[in-house]
Structures are given as C-alpha cells and as structure tokens.
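Me: I would like to learn how to read a protein model, one feature at a time. Could you take me through this one slowly, giving the general idea before each case?

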Amino acid sequence: MNYPHLDISVDRLNAIEGALEVARKVKSDWSDEDLTTKTFTDGITNVLVGVRLTANPDLSEMLLVRIHGNNTELIIDRKRELRTIHALQTAGCCPPLHCTFNNGICYGFAPGLPVDLRSVRDPNVVPLVVKAMAKFHSVNASDSEAKREPMLFTTMESWMKLVPTAFQDDAKQKGYLHLCKKLNIEQELSMLKGRLLQLHVPIVFCHNDLLLGNVIHDSNRDCVSFIDFEYGGFNFRSFDIANHFCEYPGTENVDYKYYPGKEFQLQWIRLYLEETARLQGSAAVPSAEEVERVYVEVNQFALASHMFWGIWAVIQAAYSEIDFDYMGYAHDRLDEYLRRRDEFLALAL
C-alpha cells in the first residue's frame with residue numbers, strides 16, 4: 001500500500017492553481033492550456049477540484065484533487081483513510097488513488113451525479129443504494145493495522161478531548177453555552193453507549209459518512225457508488241444505515257421532516273438483508289421479526305449519528321476556516337437527538 005507522494009502543499013485560496021500542479025505531476029503529458037477545471041462545492045470540510053482534458057468529454061478520465069481542510073487531521077486518521085481506500089480498491093468499490101500530497105490526495109472520478117432528496121427515495125434508485133451498501137459492508141479489510149473493532153465510541157470519546165472550553169468568537173461562544181445548557185454531552189454519550197452496546201449489532205466495514213453528496217448514481221450504467229472515505233472503518237452495521245437515513249434532511253437548511261418513515265425504512269432494510277444474504281451465497285428471506293429488529297437498531301443508532309456529528313460540528317466550529325455555520329449545525333443535530341431520544345430508546349426489540 002505505497003502510493004506515490006508529492007512534496008506539494010496546495011493553498012486552499014489558490015486551489016485551482018494547486019490542483020493543476022498536482023494533475024501535471026500525475027499526468028506528465030498534460031499541459032495547462034489543454035485542461036478544464038471544475039470546483040465542486042458540496043463538501044463542508046475540504047476543497048475539491050476536478051481536472052480533465054478539455055478535448056476529452058469522458059468524465060471517467062477526470063482527476064479529482066482534494067485539498068484537506070485545515071486542522072482536519074485532528075479528527076481524521078489519514079493513515080486509516082489510505083488503508084480504507086486500499087481495501088476498497090481491492091474490492092472494486094472505489095476509483096483509483098493516484099497519489100497523495102502534503103495536504104491532500106488525487107484520485108479518479110466516479111461517473112454519475114450525487115443523489116438528492118427526491119432521487120434517494122426513487123424506487124429504481126433505492127435498490128442500487130442498498131446493493132452498494134451491502135457490498136461495502138462485505139469488504140474484508142482486516143489486516144495487521146485494521147482491527148475489527150467499532151470506531152464509533154472510541155472516536156467520539158477522543159473527539160470530546162478536542163472540544164474547547166471556550167471560543168474566541170463571541171457568537172460561537174454564545175451558541176456553545178446555549179448548547180451546554182440543553183444537554184450534558186459527556187453524560188448523554190455515556191448513557192447512549194451503554195444502551196447501544198446491549199444491542200449486539202454486527203460489526204462490518206462501514207463508510208460512516210453517507211450524506212447524499214457521497215452517494216453517486218450513474219444512470220448510464222444503472223449503478224450507485226460511494227465516494228469520500230475519510231471516516232471509513234469497522235463499525236456497527238446499523239450505524240451506517242442510520243447515518244445515511246439521518247442525512248436525508250440535508251446539511252444546510254436541515255429539515256427533519258425528511259427523515260424516512262417506518263414503512264420506507266422497513267422496505268429498505270428488507271432489501272438490504274436480502275442483498276446481504278445473496279452476497280453470502282444464500283437465498284434466505286428475512287423474517288418480519290428480523291426486519292423489525294434491524295429497524296429498532298437503526299433508529300436507536302440514529303441517536304448516535306446525531307451525537308457523532310454534533311460533537312464533530314462543535315470541533316469544526318473551533319478549528320475550521322470554511323465559511324459554514326458549524327455551531328448552528330451542531331445545534332441541528334443535538335436538538336434532533338434530544339427530540340427523538342426518548343421515542344427511539346423506547347422502541348422494543
């Protein structure tokens with residue numbers, strides 16, 4: 001797993017110029033006058049620039065240059081990310097990684113378009129998303145460095161050590177104090193950990209960040225693929241599903257009325273269990289009880305998703321230089337945690 005490394009640091013404020021420099025190193029026969037660039041704006045952590053030959057309309061030949069957000073190494077294990085990409089490439093689940101550079105990576109383009117609130121519920125697209133997730137969860141990424149242990153609670157507990165006691169920005173400080181009045185994050189995390197560990201959910205290789213922008217639908221090939229594996233690793237199966245459902249309401253102008261209802265979830269989960277069985281060489285049909293059990297697990301792990309990204313957003317509010325209301329997003333996630341906590345924990349297996 002030795003990828004070429006370029007001793008280049010790309011200035012986020014001059015991302016296009018830096019992306020062109022990286023692209024020229026990867027494709028030595030490319031020259032600037034022959035290239036077209038595209039800046040992708042969906043992310044709220046990194047800067048992503050696509051580079052391709054202007055004369056070549058085949059987007060599968062595009063290079064993607066991702067410049068990491070400042071201080072993101074505090075919350076993202078970049079070595080683990082490379083191990084994840086290597087495992088996924090081996091399994092045919094992601095485009096090739098061409099190189100790393102001092103503050104980013106360059107990799108291949110996944111053809112298609114990100115799903116949106118409408119298409120992610122499309123009856124023709126749902127089975128494709130299910131198949132992609134079941135395949136992802138079947139990846140055997142075990143090696144000497146990737147232990148089959150869930151990363152969820154160890155990650156959140158390590159993140160809690162990064163939460164500042166005070167913010168220099170007055171508005172952020174006010175928002176944080178207001179958040180602390182609503183809930184004690186450490187106490188809630190301890191309680192939630194105790195409850196969720198009692199479920200004994202299977203541990204599988206998870207994406208852990210399946211927001212809609214990371215789910216790519218290729219209508220030409222009639223398939224779905226996933227992108228961006230910064231948080232990938234072994235985790236609770238039901239967390240990955242729950243986290244995906246929790247992204248239906250979006251990241252900006254979050255509206256939790258779009259969180260999928262029980263009927264949709266049951267159908268989705270049934271398809272997932274059928275596909276998982278198929279990948280294991282079985283034609284077993286999941287029972288209604290099994291589907292209901294996973295439904296309960298998923299919705300209880302939805303609380304962990306809100307906690308995970310709520311803590312993440314508080315840290316980003318302290319360290320990120322990207323123009324995004326991270327503290328407001330922390331409130332969105334943790335308010336929803338509080339709103340659904342008692343309801344979801346009361347669900348019976």
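Reply: Let us begin with what a helix label stands for: helices are DSSP runs of at least four residues, numbered from the N terminus. Keep in mind throughout that this is a predicted model. With that numbering, Glu-275 is found in helix α8.

Me: Is Glu-275 buried or exposed?

Reply: A residue counts as buried when its relative accessible area is under 20%. Glu-275 has a relative accessible area of 9%, and it is therefore buried. Once neighbours within four places in sequence are left aside, Glu-275 is in contact with Val-130, Lys-131 and Ala-134.

Me: Which residues does Glu-336 touch, if those up to four places away in sequence are not counted?

Reply: Glu-336 belongs to helix α10, which covers residues 326-345, and with a relative accessible area of 5% this residue is buried. Its contacts, with residues up to four places away in sequence not counted, are Tyr-256 and His-306.

Me: Now I would like to look at a strand. What surrounds Phe-236?

Reply: Phe-236 lies in strand β11, made of residues 233-236, and it is buried, as its relative accessible area is 6%. Beyond the residues up to four places away in sequence, Phe-236 touches a list that includes Pro-150, Leu-152, Phe-153, Val-201, Cys-206 and Phe-301. A separation along the chain can also be set beside one in space: Phe-236 and Leu-196 are 40 residues apart along the chain, while their C-alpha atoms are separated by 9.8 Å.

Me: Which residues touch the most other members of the largest nonpolar core?

Reply: The general idea is that, in soluble globular proteins, nonpolar side chains tend to be buried together. Here the largest nonpolar core has 97 residues, and those touching the most other members are Leu-152, Phe-226, Trp-268, Phe-301, Met-307, Ile-311 and Trp-312. Helix α9, which runs over residues 288-319, gives this core its largest share, namely 18 residues. To follow one member outward, take Ile-311, which is in contact with Met-156, Trp-159, Met-160, Val-163, Ile-185 and Leu-189 when its neighbours within four places in sequence are left aside. Apart from the largest core lies another, of 19 residues, with Ala-23, Leu-35, Val-51 and Val-65 among them.

Me: How should I read the way two helices pack, and at what angle do α6 and α9 cross?

Reply: Angles are taken between the N-to-C directions of the two axes, and those over 145 degrees count as roughly antiparallel. The axes of α6 and α9 come within 11 Å of each other and cross at roughly 150 degrees, so these two helices are roughly antiparallel. From α6 the contact is made by Ile-185, Glu-188, Leu-189, Leu-192 and Leu-196, and from α9 by Gln-300, Phe-301, Leu-303, Ala-304, Met-307 and Ile-311. Sorted by kind, the residues of this contact are nine nonpolar, one polar and one charged. The crossing of α6 past α9 is left-handed.

Me: How do α9 and α10 pack?

Reply: Their axes are 8 Å apart and the packing angle is about 160 degrees, and α9 and α10 are therefore roughly antiparallel to each other. The residues of their contact divide into 16 nonpolar, six polar and four charged. In handedness, α9 passes α10 in a left-handed crossing.

Me: Is the crossing of α3 past α7 left-handed or right-handed?

Reply: Helix α3 holds residues 126-137 and helix α7 holds residues 237-246, and their axes come within 11 Å and cross at roughly 150 degrees. The crossing of α3 past α7 is right-handed. Val-129, Met-133 and His-137 of α3 meet Arg-237, Asp-240, Ile-241 and His-244 of α7, and the residues of this contact comprise three nonpolar, two polar and two charged.

Me: Finally, what should I notice about the phi of His-200?

Reply: Most residues other than glycine have a negative phi. His-200, however, has a positive phi, near 55 degrees; it sits in the loop between α6 and β8, and at 68% relative accessibility it counts as exposed. Asn-253 also has a positive phi, near 55 degrees. The place of Asn-253 is the loop between α7 and α8, and its relative accessibility of 76% means that it counts as exposed.

Key
Residues numbered from 1 in each chain as written. Predicted model: local features only at pLDDT ≥ 70, side-chain atom pairs only at ≥ 80, totals over all residues. Heavy atoms only, no water. Axes fitted to C-alpha atoms, helices over the stretch in contact; angles between N-to-C directions. Left-handed = near helix turned anticlockwise from the far one by under 90°. Contact = heavy atoms within 4.5 Å. Nonpolar A, V, L, I, M, F, W, Y, C, P; charged D, E, K, R; others polar. Buried < 20%, exposed > 50% of the residue type's maximum accessible area, 1.4 Å probe, protein only. Core = buried A, V, L, I, M, F, W, Y, C linked by side-chain atoms within 4.5 Å. Parallel < 35°, antiparallel > 145°, perpendicular 65-115°, else oblique.
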